[in-house]
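Student: Please take me closely through one part of this structure, the charged side chains that pair with one another. Relate that part to the rest of the fold as you go.

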Amino acid sequence: MRVLGIESSCDETGVALVETLGGGLPVLRADALHSQIEMHQAYGGVVPELASRDHIRRVLPLTEAVLARAGVTVGELDVIAYTRGPGLAGALLVGAGIACALGAALGKPVLGVHHLEGHLLSPFLGSDPPEFPFIALLVSGGHTQLMRVDGVGRYLLLGETIDDAAGEAFDKSAKLMGLGYPGGPALARLAEQGDAKAFKLPRPLMHSGDLDFSFAGLKTAVLTQAKKLGAELEPRKADLAASTQAAIVEVLVHKSLGALDRSGLRRLVVAGGVGANKALRAALEAGCARRNWRVHYPELRLCTDNGAMIAMAAAMRLAAGVQEATTTYAFDVKPRWPLGEL
Ligand code: KG4
Ligand code: ZN
């Protein structure tokens with residue numbers, strides 16, 4: 001079975017084709033991505049209307065490129081999947097509209113996917129797929145959640161952020177240090193040259209006894225520190241970046257290990273854009289290795305938004321029998337959509 005996946009929930013247009021052969025895991029045949037980062041950079045963040053218009057321009061050429069690379073014709077597709085939510089309404093409508101139009105024109109069924117389930121299942125695209133059950137740490141620009149995953153579609157929320165997401169903490173701190181958008185990768189790069197112990201920053205909710213997170217206070221502490229430094233900020237920027245990253249990473253690691261401890265599970269999956277962070281990966285590896293636990297990641301390039309994870313989630317849902325593709329081409333999108341409602 002061949003599933004085409006279309007992702008358009010935010011500032012990346014992603015298209016991919018996965019194929020299920022026999023009873024095995026679906027495999028990635030081809031994928032293509034266009035990032036709008038450059039376009040939004042001038043505004044310091046994502047401009048929703050510009051995002052939607054750019055998705056419209058990109059989605060069909062990317063689809064043609066994916067089909068050509070896989071050597072598959074559009075008529076040979078079995079299912080067309082798209083991101084139904086959560087995300088920007090206008091951006092989501094582009095992917096949903098194109099997927100349903102293609103489906104209707106070709107007489108093929110369509111399937112709407114939850115964006116976070118895509119991130120959650122993205123490690124199954126790699127060479128070291130996890131086994132169920134596992135704990136998942138979902139860390140993106142919009143979400144920070146710990147989940148117990150017992151199988152496809154069986155997700156139990158254990159804890160989440162009560163304010164900013166981890167990616168937002170990276171992005172907002174980077175912005176007030178003048179590092180541009182999206183700040184996460186830039187802050188991480190600068191942090192490599194800094195001293196993580198240079199500034200004492202808070203570790204919010206670190207010892208709250210539950211698995212929730214809070215990052216809004218950290219951003220304020222970084223702002224206070226930056227103001228205090230004044231003209232001294234420039235030469236101390238790498239130190240401040242390293243200290244900020246260390247605070248975020250320490251909380252994420254502490255809570256993830258706590259979730260493994262409480263559940264008795266021995267496998268951790270890390271997904272979402274912040275999962276690309278090297279310091280986070282190193283700290284999780286070290287913490288888990290000490291206890292003989294395993295950590296699984298998606299391939300680095302599949303940590304951030306992409307079409308492959310959407311095609312994969314759709315194919316896995318179909319294979320597990322938890323969702324059927326439909327030929328009712330009336331569609332809606334869900335800009336707000338808690339994963340627990342799946
Ligand atoms: O999953 P994603 O591509 O989009 C959302 O669904 O939000 O995640 C984007 C987030 C941004 O906040 C970005 O700054 C962050 O992931 N990010 C990073 C790194 N790479 C991406 N944060 C820290 N270190 C990185 N290397
Ligand atoms: Zn995402």
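Tutor: Arg57 and Asp54 are a suitable place to begin: they stand 3 residues apart in helix α2 (residues 48–70), so about one helical turn separates them. The model is a predicted one, and in it these two residues form a salt bridge whose closest N and O atoms are 3.1 Å apart. The partners differ in their surroundings, since Arg57 is exposed at 52% relative accessibility, whereas Asp54 is buried at 2%.

A second pair is found in helix α5 (residues 166–176), where Lys172 and Glu168 lie 4 residues apart, again about one turn of the helix. Their side chains meet in a salt bridge of 3.5 Å, N to O. Here Lys172 is partly exposed, with a relative accessibility of 30%, and Glu168 is likewise partly exposed, at 24%. This pair also belongs to a wider arrangement, a network of salt bridges that links Asp164, Glu168, Lys172 and Lys219.

A further salt bridge joins the side chains of Glu299 and Arg301, with 3.1 Å from N to O. Glu299 is partly exposed at 39% relative accessibility, and Arg301 is partly exposed at 45%. Across the model, the count of salt bridges comes to 19.

Asp11 offers a contrast, for this residue is buried yet has no salt bridge. The nearest side chain of opposite charge, that of Arg58, is 12 Å away, and a salt bridge requires the nitrogen and the carboxyl oxygen to be within 4 Å. Asp11 sits in the loop between β1 (2–7) and β2 (12–19). Its side chain instead makes a polar contact of 2.5 Å with the side chain of Tyr181. Beyond its neighbours within four places in sequence, the residues in contact with Asp11 include His34, His40 and Val46.

Another acidic residue, Asp305, has a metal as its partner. The protein donors of the zinc ion (ligand 2) are His115 (NE2), His119 (NE2) and Asp305 (OD), at 2.0 to 2.1 Å from the ion. Along the chain these donors follow the spacing H-x3-H-x185-D. His115 lies in helix α4 (residues 115–121), while Asp305 lies in the loop between β10 (294–296) and α10 (308–320), so the pair ties together parts that are 190 residues apart in sequence.

The site of the zinc ion (ligand 2) is irregular, with angles of 92 to 144° among its 4 donor atoms. The tetrahedral class would require all angles to lie between 85 and 135 degrees.

The residues that supply the donors are buried: His115 has a relative accessible area of 7%, His119 is at 0%, and Asp305 is at 13%. His119 is found in helix α4, and a polar contact of 3.0 Å joins its side chain to that of Asp305. Among the residues in contact with His119, leaving aside those within four places in sequence, are Leu138, Ala271, Cys303 and Met309.

Terms used:
Residues are numbered from 1 along each chain as its sequence is written. Chains are lettered from A and ligands numbered from 1 in the order in which they are written. This is a predicted model: local features need pLDDT of at least 70, side-chain atom pairs count only at pLDDT 80 or more; totals for chains, interfaces and linings use all residues. Side-chain values use heavy atoms; hydrogens and water are left out. Donors are N, O and S atoms within 2.8 Å of the metal (3.2 Å for Na, K and Ca); water is not among the atoms, so sites may look incomplete. Four donors count as tetrahedral if all angles lie between 85 and 135 degrees; four count as square planar and six as octahedral if opposite donors are over 155 degrees apart and all others between 65 and 115; anything else is irregular. Helices (H or I, at least four residues) and strands (E, at least two) are DSSP runs, numbered from the N terminus. Buried means under 20% relative accessible area, exposed over 50%, partly exposed in between (1.4 Å probe, protein chains only). Lys and Arg count as positive and Asp and Glu as negative; His and the chain ends are not counted. A polar contact is a pair of N or O atoms within 3.5 Å; within protein, one must be able to donate a hydrogen and the other to accept it, and residues adjacent in sequence count only if both atoms are side-chain atoms. Contact means heavy atoms within 4.5 Å.
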